[in-house]
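Subject: Structure handover

Hello,

Here is the structure I said I would pass on. My notes on what was found in it follow below.

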Amino acid sequence: MAEILPEQEWHEVKIRVRYAETDKMGVVYHANYLIWFEIGRTEYCRAKGITYRDMEEQDGAYLVVAESYVRYKAPAHYDDHLTIRTRVNEMKKRTLVFEYEIFRASDSTVIAQGETTHVVTDSASRVISFPDTYQEILLRPFVEDLEPLPDSAPE
């Protein structure tokens, strides 16, 4: 049974589209959105005060992507400044669902929306229950970044 979550606050990460992320026409290649989702959820966790490394090394808990969904709404282009918004959408005993929105900073156009569903496993890839401490951490307000990223989209 899914835990009923109050509306979770979004966490935002800003990026600039790199040339290597685009095709010959300067449009972002579709697979890069999943990479950007990973950046979003990693920084979301970091802003909550935890890292994947903490979960793996201290508690033997791994967040494995079991399902991903992306809805492409508008193209992103080389050198666009984008904002990746991430929040927890659903939390169950053994799964966690992150929700994402990516939009262009210059005109607030929504570029993509999506979700990833994660199953919690141990180091042998056996499904386990999500440690209670991390459930509590992910539902509390944001803290300062553990290690802020260098500005990836300089002005």
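Arg 87 and Glu 99 form a salt bridge through their side chains, with N and O 3.1 Å apart. Arg 87 belongs to strand β3 and Glu 99 to strand β4, and the pair links parts of the chain that are twelve residues apart. Please keep in mind that this is a predicted model.

Are these two charged residues buried or exposed? Arg 87 has a relative accessible area of 12%, so Arg 87 counts as buried. Glu 99 is buried as well, because its relative accessible area is 18% and the cut-off for buried is under 20%. Arg 87 and Glu 99 are also partners in the pairing of the strands: the bridge partner of Arg 87 in β4 is Glu 99.

Other salt bridges

The structure holds ten salt bridges. One of them is between the side chains of Arg 85 and Glu 12, at 3.5 Å from N to O. Arg 85 is in strand β3 and Glu 12 in strand β1, so this pair ties together parts that lie 73 residues apart in sequence. Arg 85 is buried because its relative accessibility is 19%, with the limit set at under 20%. Glu 12, at 41%, counts as partly exposed.

Arg 85 has another partner, Glu 101, and in this salt bridge the closest N and O atoms are 2.8 Å apart. This pair links strand β4, which holds Glu 101, with strand β3, which holds Arg 85, across 16 residues. Glu 101 has a relative accessible area of 17%, so Glu 101 is buried.

What do shared partners make of these salt bridges? They join Glu 12, Arg 85 and Glu 101 into one network. Glu 101 also stands opposite Gln 113 in β5.

The sheet

The strands named so far belong to an open sheet of five strands, in the order β1-β3-β4-β5-β2 and with antiparallel pairing. Its edge strands are β1 and β2, each of which pairs on one side only. From one strand to the next, the twist averages 25 degrees.

Strand β3 covers residues 81-91. Eight of its eleven residues are buried, which leaves the strand mostly covered. How many bridges does β3 form with β1 and with β4? With strand β1 (residues 11-16), β3 pairs in the antiparallel sense over six bridges. One bridge partner in that pairing is Leu 82 of β3, which is matched with Ile 15. With strand β4 (residues 95-104), β3 has nine bridges, and these two strands also run antiparallel. A hairpin of three residues joins β3 to β4. Strand β4 is in turn joined to β5 by nine bridges, again antiparallel.

Thr 83

Thr 83 is found in strand β3. Its relative accessibility is 1%, so Thr 83 counts as buried. The Thr 83 side chain makes a polar contact of 3.5 Å with the side chain of Lys 14. Apart from neighbours within four places in sequence, Thr 83 is in contact with Glu 12, Val 13, Lys 14, Glu 101, Ile 102 and Phe 103. Two members of the salt-bridge network, Glu 12 and Glu 101, are therefore in contact with Thr 83.

The helix and the core

Helix α1 lies across β1, β2, β3, β4 and β5, and runs at about 65 degrees to β3.

Which residues have the most contacts inside the largest nonpolar core? They are Tyr 33, Trp 36, Leu 82, Leu 96, Ile 102, Phe 130 and Leu 138, in a core of 30 residues. At least two core residues come from each of β1, α1 (32-48), β2 (62-72), β3, β4, β5 (110-121) and α3 (132-139). The largest share, five residues, comes from α1.

Leu 96 can serve as an example from this core. Leaving aside neighbours within four places in sequence, its contacts include Leu 63, Val 88, Met 91, Thr 116, Phe 130 and Leu 138. Phe 130 and Leu 138 also appear among the core residues with the most contacts.

Regards

Key
Residues numbered from 1 in each chain as written. Predicted model: local features only at pLDDT ≥ 70, side-chain atom pairs only at ≥ 80, totals over all residues. Heavy atoms only, no water. Buried < 20%, exposed > 50% of the residue type's maximum accessible area, 1.4 Å probe, protein only. Helix = DSSP H or I, 4+ residues; strand = E, 2+ residues; numbered from the N terminus. Pairing = 2+ DSSP bridges. Polar contact = N/O pair within 3.5 Å; in protein donor to acceptor, adjacent residues only side chain to side chain. Contact = heavy atoms within 4.5 Å. Core = buried A, V, L, I, M, F, W, Y, C linked by side-chain atoms within 4.5 Å. Axes fitted to C-alpha atoms, helices over the stretch in contact; angles between N-to-C directions. Salt bridge = Lys/Arg side-chain N within 4 Å of Asp/Glu carboxyl O.
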